[in-house]
Amino acid sequence: MVDFNSMFSANALNMKGSVIRELLKLTARPEIISFAGGLPAPETFPVADLKAAADMVFDKHAAKALQYGTTEGDADLKAEIIAFEGRQGVDLNKENLLIVSASQQALDIVCKVFLDPGNYVIAGRPTYVGALQSIQSYRGKVLGIPFTPEQDGFDMDALELGYAKTIHAGDKVKYIYVIPDFQNPAGFCWSLAKRKALLEFSYRHDLVIIEDSPYREIRFIGEPIPSIFQLDQKGEHRGTVVNLKTFSKILIPGARIGWVMGPEALISKFVIAKQAMDLCTNVFTQKWLAEYMKTGKLYAQIKSTCDNYREKRNHMVNMLEKYMPKRWEIKWTKPEGGLFLWLTLPKFMDTDKLVLKAIEQEKVAFVVGSAFYFDNPEHNAMRINFSYSDKPTIEEGVKRLARVITAELEAYEAGNRAKTTPEGL
Ligand SMILES: Cc1ncc(COP(=O)(O)O)c(C=O)c1O
């Protein structure tokens with residue numbers, strides 16, 4: 001019997017499975033209400049329009065669509081993306097643009113290009129678990145920065161201090177990873193001042209910023225704030241910000257198509273890294289999305305998805321207000337976009353334990369907050385998704401969640417009372 005473990009690379013041995021993927025397997029049972037996944041609402045998928053676009057590809061572009069393509073990406077799709085970004089005030093050339101097999105591939109490419117084992121990435125506490133997984137698989141480390149109590153971006157003092165300590169210890173920091181628009185997991189949105197402050201910090205220390213923006217267009221309340229990529233472009237234009245975008249949340253995740261915007265020198269390095277991964281992104285799918293974009297329907301599509309999510313987000317917030325116990329301090333974010341709320345319980349609660357009871361006893365699931373920390377996780381929070389379920393399911397799920405939380409808090413109180421009761425009484 002071959003001992004495969006003894007043959008795995010150090011990188012492979014350091015890889016960790018995603019807690020979320022494991023949890024999603026558990027929650028696939030039909031009786032379970034799952035707030036765990038990050039799934040867009042299937043009713044938002046424009047099936048008829050996408051079918052017409054696919055037919056168009058077969059009718060008009062079959063020879064190209066069924067062939068190998070360039071690593072950089074399909075020229076038609078790139079032209080559509082340049083126009084799409086242009087409408088948002090982003091100035092883009094095709095040399096600054098790389099089409100990828102969605103943002104997750106971009107996150108892997110970034111690690112592949114920048115990280116040697118032991119190198120640090122600056123990232124939020126909490127942050128997107130898929131980014132942590134990529135960093136882990138290249139044996140990188142994370143300098144985790146907490147957010148301000150106002151949830152408007154990093155605690156900049158903690159950033160300065162953490163950075164100084166890391167450098168002083170002789171370690172290398174390679175880049176900053178942030179999700180300024182409706183972050184996964186917590187839904188935090190960075191203020192303009194914090195975006196500018198981070199850009200200034202990156203200039204001062206010659207650091208690249210990887211700005212991950214899958215939810216940027218999914219703003220259902222308020223006005224857009226310029227991305228850090230835009231702030232650099234409109235300001236000093238040092239070209240040190242890389243912006244990751246994807247069709248996953250604005251259209252469909254199943255297409256697995258995203259794009260990377262950045263300075264030409266980095267894009268061309270990313271192209272080489274990508275070549276060894278997949279030669280090129282799925283050509284048919286790129287042509288398909290290009291045909292869909294040519295109809296101009298993506299803008300109305302995004303608007304209607306935002307309308308759908310605003311309603312569901314408001315409903316979930318109302319249901320939390322209605323059903324969550326008031327006796328203890330339970331808080332949740334009220335994001336102006338994205339797909340998630342972040343619910344925080346009293347410090348003594350452990351959602352790693354609670355999730356099993358929630359699934360087994362109440363048939364409701366969430367993602368444990370601890371999954372979103374590289375190290376020293378906080379255990380008293382959870383991520384709950386509001387985009388996937390319909391409104392009655394949201395109400396029922398929140399009711400169940402409130403029941404399991406109440407039971408756990410009451411059990412904790414009863415345990416504490418028993419401990420303080422003198423023995424023998
Ligand atoms: C912050 C963040 N980055 C990247 C991704 C990966 O998205 P994609 O489907 O484009 O690979 C996700 C998916 O949920 C995400 O939340």
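Which domains does the domain assignment of the protein chain give? Let's work through this predicted model together, starting there.

**Exercise 1. Lay out the domains and describe how they meet.**

Step 1: The assignment gives domain 1 as 4–45 + 300–420, and domain 2 as 47–296.

Step 2: Taken over C-alpha atoms, the centres of domain 1 and domain 2 are 25 Å apart.

Step 3: Now look at the contacts. On the domain 1 side 36 residues take part, and they touch 36 residues of domain 2.

**Exercise 2. Characterise the surroundings of the ligand, then find its polar partners.**

Step 1: Begin with the shell. Of the 14 residues around the ligand, those that come nearest are Asp212, Tyr215, Thr246, Ser248 and Arg256.

Step 2: Sort the shell by residue class. It holds six nonpolar, five polar and three charged residues.

Step 3: Ask which element supplies the largest share. That is helix 5 (residues 102–114), with three residues.

Step 4: Pick out the polar pairs. A ligand nitrogen sits 2.6 Å from an N or O atom in the side chain of aspartate 212. For asparagine 184, a side-chain N or O atom is 2.8 Å from a ligand oxygen. Arginine 256 likewise places a polar side-chain atom 2.8 Å from an oxygen atom of the ligand.

Step 5: Finish with the area. The ligand taken alone exposes 400 Å², and the protein buries 93% of that.

**Exercise 3. Decide whether glutamine 286 is buried or exposed, and trace its contacts.**

Step 1: Locate the residue. Glutamine 286 belongs to helix 11 (residues 283–294).

Step 2: Apply the cut-off. Buried means under 20% relative accessible area. Glutamine 286 has 1% relative accessibility, so it counts as buried.

Step 3: Check the polar end of the side chain. One of its polar atoms lies 2.8 Å from the backbone nitrogen of aspartate 74.

Step 4: Collect the neighbours. Leaving out residues up to four places away in sequence, glutamine 286 touches Gly73, Asp74, Leu77, Ile99, Ile257 and Thr281.

**Exercise 4. Do the same for tryptophan 328, and find how far it lies from threonine 295.**

Step 1: Tryptophan 328 is in the loop that runs between helix 12 (298–323) and strand 9 (331–332).

Step 2: Its relative accessibility is 13%, and therefore tryptophan 328 counts as buried.

Step 3: Beyond the neighbours within four places in sequence, tryptophan 328 contacts Pro346, Thr406, Leu409, Glu410 and Glu413.

Step 4: Compare chain and space. Tryptophan 328 and threonine 295 are 33 residues apart along the chain, and their C-alpha atoms are separated by 52 Å.

Key
Residues are numbered from 1 along each chain as its sequence is written. This is a predicted model: local features need pLDDT of at least 70, side-chain atom pairs count only at pLDDT 80 or more; totals for chains, interfaces and linings use all residues. Side-chain values use heavy atoms; hydrogens and water are left out. Helices (H or I, at least four residues) and strands (E, at least two) are DSSP runs, numbered from the N terminus. Buried means under 20% relative accessible area, exposed over 50%, partly exposed in between (1.4 Å probe, protein chains only). Contact means heavy atoms within 4.5 Å. A residue is near a molecule or strand if one of its heavy atoms lies within 4 Å of it. A polar contact is a pair of N or O atoms within 3.5 Å; within protein, one must be able to donate a hydrogen and the other to accept it, and residues adjacent in sequence count only if both atoms are side-chain atoms. Accessible areas come from the Shrake-Rupley method with a 1.4 Å probe; for residues, only the protein chains shown count as cover. Ala, Val, Leu, Ile, Met, Phe, Trp, Tyr, Cys and Pro count as nonpolar, Asp, Glu, Lys and Arg as charged, and the others, Gly among them, as polar. Domain bounds come from an automatic or database domain assignment.
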